[in-house]
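Work through the exercises below with the sequence and the structure open. Try each task before reading its solution.

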Amino acid sequence: MTDAIGDRCLAEIEELHRFFQHWLGDATADPVEFARFEAVSAPDFMMVTPEGAVLDRATVIDGLRQARGAHSDAADPFRIEIRNAALRIVLPGGFRLCTYDEWQRVRGVERTRRSTALLEARDDRVLWRHLQETWAEPKPSN
């Protein structure tokens with residue numbers, strides 16, 4: 001069985017993380033590009049961080065906006081890779097529950113977050129409604 005909405009949601013996960021890699025890894029990233037993240041964050045978006053903090057949309061947006069280039073390092077470029085992305089639950093109204101592993105390399109340190117995302121497909125875009133992240137083993141020491 002194919003699920004066109006699920007495919008759109010899985011593509012959105014990949015695309016958004018390409019934006020994150022560029023935004024966080026390049027101090028010269030154009031601030032205009034940030035609108036991409038704002039456009040896909042639902043008004044009621046919330047995130048649970050790997051440490052257990054619950055953040056609303058405004059807090060996530062403000063924090064990420066300020067983090068432009070936070071991981072820029074020409075000698076060891078920041079990288080994000082999405083692994084094991086999967087559609088888990090199909091819900092009515094264009095909602096899909098997806099899981100994925102977000103692998104990062106930051107200044108030589110590798111870490112992985114295991115994530116569950118509730119996404120909503122609309123005519124013109126896929127919105128992020130809820131995100132839960134958990135550190136995957138081994139837990140980073142910093």
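The exercises that follow go from single residues to pairs, groups and a pocket.

The model is predicted, so local features need pLDDT of at least 70 and side-chain atom pairs count only at pLDDT 80 or more, while totals for chains, interfaces and linings use all residues. Residues are numbered from 1 along each chain as its sequence is written, and side-chain values use heavy atoms, with hydrogens and water left out.

**Exercise 1. Find the place of Gly 93 and decide whether Gly 93 is buried or exposed.**

Step 1. Gly 93 sits in the loop between β3 (79-91) and β4 (95-106). Strands are DSSP runs of E with at least two residues, helices are runs of H or I with at least four, and both are numbered from the N terminus.

Step 2. Buried means under 20% relative accessible area, exposed over 50%, and partly exposed in between, with a 1.4 Å probe and protein chains only. Gly 93 has a relative accessibility of 61% and therefore counts as exposed.

Step 3. Contact means heavy atoms within 4.5 Å. Not counting residues up to four places away in sequence, Gly 93 touches Glu 120 and Ala 121.

Step 4. The C-alpha atoms of Gly 93 and Arg 122 are 9.0 Å apart, and these residues are 29 apart along the chain.

**Exercise 2. Describe Ser 115 and Phe 78 by place, accessibility and contacts.**

Step 1. Ser 115 belongs to strand β5, whereas Phe 78 is in the loop between α3 and β3.

Step 2. Ser 115 counts as buried because its relative accessibility is 1%. Phe 78, at 5%, also counts as buried.

Step 3. Leaving out residues up to four places away in sequence, Ser 115 touches Cys 98, Thr 99, Tyr 100, Leu 131, Gln 132 and Glu 133.

Step 4. With neighbours within four places in sequence set aside, the contacts of Phe 78 include Phe 20, Leu 24, His 71 and Val 106. Between the C-alpha atoms of Phe 78 and Phe 20 there are 10.0 Å, with their positions 58 residues apart along the chain.

**Exercise 3. Work out which parts of the chain the salt bridge of Arg 36 and Glu 15 ties together.**

Step 1. A salt bridge is a side-chain nitrogen of Lys or Arg within 4 Å of a carboxyl oxygen of Asp or Glu. The side chains of Arg 36 and Glu 15 meet this rule with an N to O distance of 3.7 Å.

Step 2. Arg 36 lies in helix α2 (residues 35-40) and Glu 15 in helix α1 (residues 4-25), so the bridge ties together parts 21 residues apart in sequence.

Step 3. Arg 36 is partly exposed at 24% relative accessibility, and Glu 15 is partly exposed at 38%.

Step 4. Asp 62 and Arg 65 form another salt bridge, at 3.6 Å from N to O. This pair is three residues apart in helix α3 (residues 57-66), a separation of about one helical turn.

Step 5. In the salt bridge of Glu 81 with Arg 83, the closest N and O atoms are 2.9 Å apart. A network of salt bridges links Asp 44, Glu 120, Arg 122 and Arg 129. The count for the structure comes to 14 salt bridges.

**Exercise 4. Classify the aromatic pair of Tyr 100 and Trp 128.**

Step 1. Rings of Phe, Tyr and Trp (its six-membered ring) pair if their centres lie within 6.5 Å; planes under 30 degrees apart are stacked, over 60 edge-to-face, and the rest tilted. The structure holds seven such pairs.

Step 2. Tyr 100 and Trp 128 are 6.4 Å apart, centre to centre, with 90° between the planes, and the pair is edge-to-face.

Step 3. Tyr 100 lies in strand β4 and Trp 128 in strand β6, so the pair ties together parts 28 residues apart in sequence.

Step 4. Both rings belong to buried residues: Tyr 100 at 2% relative accessibility and Trp 128 at 3%.

Step 5. One aromatic cluster is formed by Phe 19, Phe 20, Trp 23, Phe 34 and Phe 37.

**Exercise 5. State how many residues line the largest pocket and which lie nearest its centre.**

Step 1. On a 1 Å grid over the protein atoms alone, a pocket is an open set of points where a 1.4 Å probe fits, with protein on both sides within 12 Å along at least five of seven lines; lining residues have an atom within 4 Å of a point.

Step 2. The largest pocket is lined by 28 residues, and Leu 24, Met 47, Leu 64, Arg 113 and Glu 133 lie nearest its centre. Elements giving two or more residues to this lining are α1, β1 (41-48), α3, β4, β5 (109-121) and β6 (126-135).
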